[in-house]
Amino acid sequence: SPEYEVLKGMTQTIENVKPIITIEVGDVGIEGVMSSRACIEYLIERGYRAYEYKEGRIIKHKLKDQYSYDNILFLPERIYSHSSMANDLSVAGERRK
């Protein structure tokens, strides 16, 4: 998918800066095109947590085998460990430690 190619091109930024990222997902079933799940796993493996907007709330995303059109929000884990931004985030299903 084009999203996967963009993510690969951002590797240094993702690993060093850890920006907040949102990607559009949706599997089109074309042979040779990277799956949406692979894009999501790529970011999770690099220290991100995945979230989705559902019924008026931001909730923790659960990986799926196949995706229809949607947008997934990725927050770097470091937001929760040492950023004042964590105090401003209100994510359903998350408890701050």
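Where is lysine 18 found? In this model, which is a predicted one, lysine 18 lies in the loop between α2 and β1, and although lysine 18 is not a glycine, its phi is positive, at about 55°. Its relative accessible area is 18%, and because buried means under 20%, lysine 18 counts as buried.

There is a second residue to set beside it, namely glutamate 55, which is not a glycine either and has a positive phi of about 50°. Glutamate 55 sits in the loop between β2 and β3, the latter covering 57–60, and with a relative accessibility of 75% it counts as exposed.

Let me now turn to the interior. The largest nonpolar core is made of 15 residues, and those with the most contacts inside it are Leu7, Ile14, Ile21, Ile40, Leu43 and Phe74. Two or more residues are given to this core by each of α1, β1, α3, β2 and β4, with α3 providing the largest share, four residues.

Staying with α3, its buried residues are Ser36, Ala38, Cys39, Ile40, Tyr42 and Leu43, and these pack against α1, α2, β1, β2 and β4. For isoleucine 40, if we leave aside neighbours within four places in sequence, the contacts are Val25, Ala50, His61, Leu63, Tyr67, Ile72 and Phe74.

Finally, the surface. Val28, Ile30 and Val33 make a nonpolar surface patch of about 270 Å². Valine 33 of this patch is placed in the loop between β1, residues 21–25, and α3, residues 36–44, and at 37% relative accessibility valine 33 counts as partly exposed.

Technical notes: Residues numbered from 1 in each chain as written. Predicted model: local features only at pLDDT ≥ 70, side-chain atom pairs only at ≥ 80, totals over all residues. Heavy atoms only, no water. Patch = residues over 30% accessible without salt bridge, like charges linked within 9 Å, V, L, I, M, F, W, Y side chains within 5 Å. Areas by Shrake-Rupley, 256 points an atom, 1.4 Å probe, with all protein chains shown as cover. Salt bridge = Lys/Arg side-chain N within 4 Å of Asp/Glu carboxyl O. Buried < 20%, exposed > 50% of the residue type's maximum accessible area, 1.4 Å probe, protein only. Core = buried A, V, L, I, M, F, W, Y, C linked by side-chain atoms within 4.5 Å. Contact = heavy atoms within 4.5 Å.
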